[in-house]
Amino acid sequence: ERTLPFSLDSPAAATCAPEDAITLGHFLSNTCLHPDSLRRQCNNGRCRESVLRHEQCFSHHGCRISVRVMQLPEGAALPPELCAWSVCRACEAQRLHAPPPPRLRLSETTRGLSLGRFLELSAYNDTATSRFSGCTHSLHADFERYVGAGTMVCSIRHQRCVVFGMTPPG
């Protein structure tokens, strides 16, 4: 993927993906939350499990961003358009007594953001905080973010890590 100029002072410079890059919306809709995802199997010939039994990880600059797909029970289906919400993992005691976080429809701008730029922001931006929870913890480091549509939900979680080595899938 190409590198786009970016500055935390002017994030609007990176709001759209280049034509040859995958967007966040495309990744979520077609790779994670598409109804056919349940039938898609692991590419590893020794595994062949469904996407629900796997976690995609992106590692960079001492952090690991994991993406996990889950299926909701039939009665708990979400609207068909992509909606997002987040929960602070650092405020767990408060979360037990707090109202559920608002589910917001993913904007056109957010869906059009380059997946690479989204991952970069998640790895480097430690100043962003939630606008809704009243919590001052880091949006990227302390919150677990969810995006869902229909009966599928994608969990996006940031964790600090030390990478000792990498083995590509195969």
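**Aromatic pairs, cores and cysteines**

Student: Is F27 buried or exposed?
Tutor: Keep in mind that this is a predicted model. The relative accessibility of F27 is 6%, and the limit for burial is under 20%. F27 therefore counts as buried.

Student: How many aromatic pairs are there in the whole structure, and which residue does F27 pair with?
Tutor: The search of the whole structure gives two aromatic pairs. In one of them, the ring centres are 6.1 Å apart and the planes stand at 75 degrees, an edge-to-face arrangement. The partner of F27 in that pair is F58.

Student: How many residues apart in sequence are the parts that F27 and F58 tie together?
Tutor: Start with where each ring sits: F27 is in helix α1, while F58 is in strand β1, residues 55–60. F58 is partly exposed, at 26% relative accessible area. The pair ties together parts whose separation in sequence is 31 residues.

Student: And why is the pair of W85 and Y146 called stacked?
Tutor: The ring centres of W85 and Y146 are 5.6 Å apart. Stacking calls for planes under 30 degrees apart, and the planes here are at 15 degrees, so the pair is stacked.

Student: Which strands does that pair link, and which residue lies over the face of W85?
Tutor: W85 belongs to strand β3, residues 83–88, and Y146 to strand β5, so the pair ties together parts 61 residues apart in sequence. Both W85 and Y146 are buried. At 5.1 Å from the ring centre, the residue over the face of W85 is R103.

Student: Which element gives the largest share of the largest nonpolar core?
Tutor: That core has 24 residues, and L28, C32, L33, L82, V147, C154 and I156 touch the most other members. Two or more residues come from each of α1, β2, α4, β5 and β6. The largest share, five residues, is from α4.

Student: What does L82 touch, and how many residues make up the second core?
Tutor: Leaving out residues up to four places away in sequence, the contacts of L82 include L28, L33, L104, R111 and V147. A separate second core includes L78, W85, V87 and Y146. The number of residues in that second core is six.

Student: How many disulfides are there?
Tutor: C63 is buried, with a relative accessible area of 1%. Its closest cysteine sulfur, in C161, is 6.6 Å away, too far for a bond, because a disulfide needs sulfur atoms within 2.5 Å. The count of disulfides is zero.

Technical notes. Residues are numbered from 1 along each chain as its sequence is written. This is a predicted model: local features need pLDDT of at least 70, side-chain atom pairs count only at pLDDT 80 or more; totals for chains, interfaces and linings use all residues. Side-chain values use heavy atoms; hydrogens and water are left out. A nonpolar core is a set of buried Ala, Val, Leu, Ile, Met, Phe, Trp, Tyr and Cys residues joined through side-chain atoms within 4.5 Å. Buried means under 20% relative accessible area, exposed over 50%, partly exposed in between (1.4 Å probe, protein chains only). Helices (H or I, at least four residues) and strands (E, at least two) are DSSP runs, numbered from the N terminus. Contact means heavy atoms within 4.5 Å. Rings of Phe, Tyr and Trp (its six-membered ring) pair if their centres lie within 6.5 Å; planes under 30 degrees apart count as stacked, over 60 as edge-to-face and the rest as tilted. A charge sits over a ring if NZ of Lys or CZ of Arg is within 6 Å of the ring centre and within 35 degrees of the ring normal.
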